[in-house]
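Student: I should like to examine how the terms used for this structure are justified. May we take them one at a time?

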Amino acid sequence: MALQASFLLPSALSAHKEGKASCVKESLFLGTPVFDHDKSVFNASLLRCKRMNASVSMRAESTLTATPAVTRTAPEGKKTLRKGNVVVTGASSGLGLATAKALAESGKWNVIMACRDFLKAEKAAKSAGMPKENYTIMHLDLASLDSVRQFVDTFKRSGMPLDVLVCNAAVYQPTASEPSYTANGFEMSVGVNHLGHFLLARELLDNLNASDYPSRRLIIVGSITGNTNTLAGNVPPKANLGDLRGLAAGLNGTSSSTMIDGGRFDGAKAYKDSKVCNMLMMQEFHRRYHEDFGITFASLYPGCIATTGLFREHIPLFRALFPPFQKYITKGYVSEEDAGRRLAQVVSDPSLTKSGVYWSWNKNSASFENQLSEEASDLEKARKVWELSEKLVGLA
Ligand SMILES: NC(=O)c1ccc[n+]([C@@H]2O[C@H](COP(=O)([O-])OP(=O)(O)OC[C@H]3O[C@@H](n4cnc5c(N)ncnc54)[C@H](OP(=O)(O)O)[C@@H]3O)[C@@H](O)[C@H]2O)c1
């Protein structure tokens, strides 16, 4: 039995950092910007956006149309508050869905659920009881750079401002004996988790910068498993980007290795490596843009959410034992609901505006700034990963 211990996470392991915990409110940030937006233009943009997205079904369109205008004009003609617009990738299950639900239920956010399976997302939102006036679903397949560009185009044409972008979606293939590939020929885990998100975030940066929202944020979900300064991060295979030779050569499995470090394919390691890239990119965004743009760039480890679909490719015995193991042995378990609240907090809490931070939570669910591993905080590596990734996604 391969009780793949790569997720032996736990609060106990980061308990030594609890002294640094900064207590924050669980309540969501109720942003109060003013926004003077022409509702008819907005609705026309949505119509255009619907026409463009050929993959969107009739059912999908009814949801899109159901999204309310983001502004209202007070009777006396004064500008009024608007909801924040937050894009959450991979909001059709697990952490993304729980986060979307927490934000939509606050009534202060319009959540754009960026998902590869439109109907699954719609069903998930409905069964989670998300108020339909507070979410929109848009198609995004991070395994295709064309799809990422189409999403960006559709979003821009909608005319909606972008206040927060959450790069959450991920694939994890711990039992794969052979690599699989994105539409652009990149190994799947790094292609989806890192490269797809990298292109998305780069292309939407201008929109974040143009937003009038008081706190604009780009959040890239990280993981303890990519951090070798933790016990969980030390469970083999460990994350290691090496000298980036595989990434430089395109991760395509023909003229290059499928692994960033140039080694043999290992699905669990590919996931961990992709998470290191996520955490490095958050810091590189911060270094390049925080001062000039004032955008908050952050990453986080939400806790071990042992029940999510992330483990769907694991063997059945693992899936059965992992949640109780995390609950009762490591005590690192966090429910999807609680993890969603944590990520929603990073989206909206006014006390979490610090940029360049990797957030974690202690066992009392208080957030604190955690330390990244040596590799995940290597700024020179971050710069190189950025430059190589730019070439792979066609930005350089
Ligand atoms: N679970 C944990 O213990 C844990 C711990 C630390 C960090 N995380 C992080 O939390 C995030 C969410 O994971 P989760 O645990 O919630 O897993 P999950 O339930 O499997 O959710 C992953 C989401 O990503 C989407 N996705 C996968 N491939 C995609 C693609 N090509 N294009 C667009 N969307 C795609 C999935 O869509 P479908 O619904 O269509 O499959 C799903 O909505 C990930 O970044 C993960 O690394 C999780």
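Tutor: We may, and we begin with pairing: two strands pair if DSSP finds at least two bridges between them. The model itself is predicted.

Student: What makes strand E7 and E8 a pair?

Tutor: Strand E7 (residues 357-361) is joined to E8 by 3 bridges. The criterion asks for at least two bridges, so E7 and E8 pair. The two strands run antiparallel, and tryptophan 361 stands opposite serine 367 in E8.

Student: Why are strand E3 and strand E8 called edge strands?

Tutor: The open sheet is formed by 8 strands in the order E3-E2-E1-E4-E5-E6-E7-E8, with mixed pairing. Strand E3 (135-139) and strand E8 (367-369) each pair on one side only, and these are the edge strands. Neighbouring strands of this sheet are turned against each other by 25° on average, direction ignored.

Student: How do you know that H6 is roughly parallel to H8?

Tutor: The axes of helix H6 (residues 188-210) and helix H8 (residues 267-293) cross at roughly 15° and come within 8 Å. Angles under 35 degrees count as roughly parallel, so H6 is roughly parallel to H8. Their crossing is right-handed. In H6, the residues that meet H8 include Ser189, His194 and Phe198, while those in H8 include Tyr271, Asp273 and Met281. By class, the contact of H6 with H8 holds 9 nonpolar, 7 polar and 2 charged residues.

Student: Why are H5 and H6 also described as roughly parallel?

Tutor: The axes of helix H5 (residues 145-158) and H6 cross at roughly 20° and come within 9 Å. The limit is again under 35 degrees, and therefore H5 and H6 are roughly parallel to each other. H5 passes H6 in a right-handed crossing. Leu145, Val148, Val152 and Lys156 of H5 make the contact with residues of H6, among them Leu199, Glu203 and Asn207. The residues of this contact divide into 6 nonpolar, 2 polar and 2 charged.

Student: What makes the packing of H3 and helix H10 oblique?

Tutor: H3 and helix H10 (residues 336-348) pack at an angle of about 60°, with their axes 7 Å apart. This angle is not under 35 degrees, not over 145 and not within 65 to 115, so the packing counts as oblique. The crossing of H3 with H10 is right-handed. Gly94, Ala98 and Leu103 are among the residues of H3 in the contact, and Glu336, Arg341 and Val347 are among those of H10. The contact has 8 nonpolar, 4 polar and 4 charged residues.

Student: How is H3 placed on the strands, and at what angle does H3 run to E2?

Tutor: H3 lies across strand E1 (84-89), strand E2 (109-115), E3 and strand E4 (164-167), and runs at about 160° to E2. Angles over 145 degrees count as roughly antiparallel, so H3 and E2 are roughly antiparallel.

Student: Which helix gives the most to the shell around the ligand?

Tutor: Helix H3 (residues 94-106) does, with 3 residues. The ligand is surrounded by 32 residues, and the closest are Gly90, Gly94, Ala169, Thr308 and Gly309. The shell divides into 17 nonpolar, 10 polar and 5 charged residues.

Student: What is notable about the backbone at proline 237 and leucine 244?

Tutor: The peptide bond from proline 236 to proline 237 is cis, with omega near -5°. Leucine 244 is not a glycine, although its phi is positive, at about 70°. Proline 237 is found in the loop between strand E5 (217-221) and helix H7 (245-249), and leucine 244 is found in the loop between E5 and H7.

Note on methods. Residues are numbered from 1 along each chain as its sequence is written. This is a predicted model: local features need pLDDT of at least 70, side-chain atom pairs count only at pLDDT 80 or more; totals for chains, interfaces and linings use all residues. A residue is near a molecule or strand if its C-beta atom, placed from the backbone, lies within 6 Å of it. Helices (H or I, at least four residues) and strands (E, at least two) are DSSP runs, numbered from the N terminus. Ala, Val, Leu, Ile, Met, Phe, Trp, Tyr, Cys and Pro count as nonpolar, Asp, Glu, Lys and Arg as charged, and the others, Gly among them, as polar. Axes are lines fitted to C-alpha atoms, for helices over the stretch in contact, and angles run from 0 to 180 degrees between N-to-C directions. A crossing is left-handed if the near helix is turned anticlockwise from the far one by less than a right angle, and right-handed if clockwise. Two residues are in contact if their C-beta atoms, placed from the backbone, lie within 7 Å.
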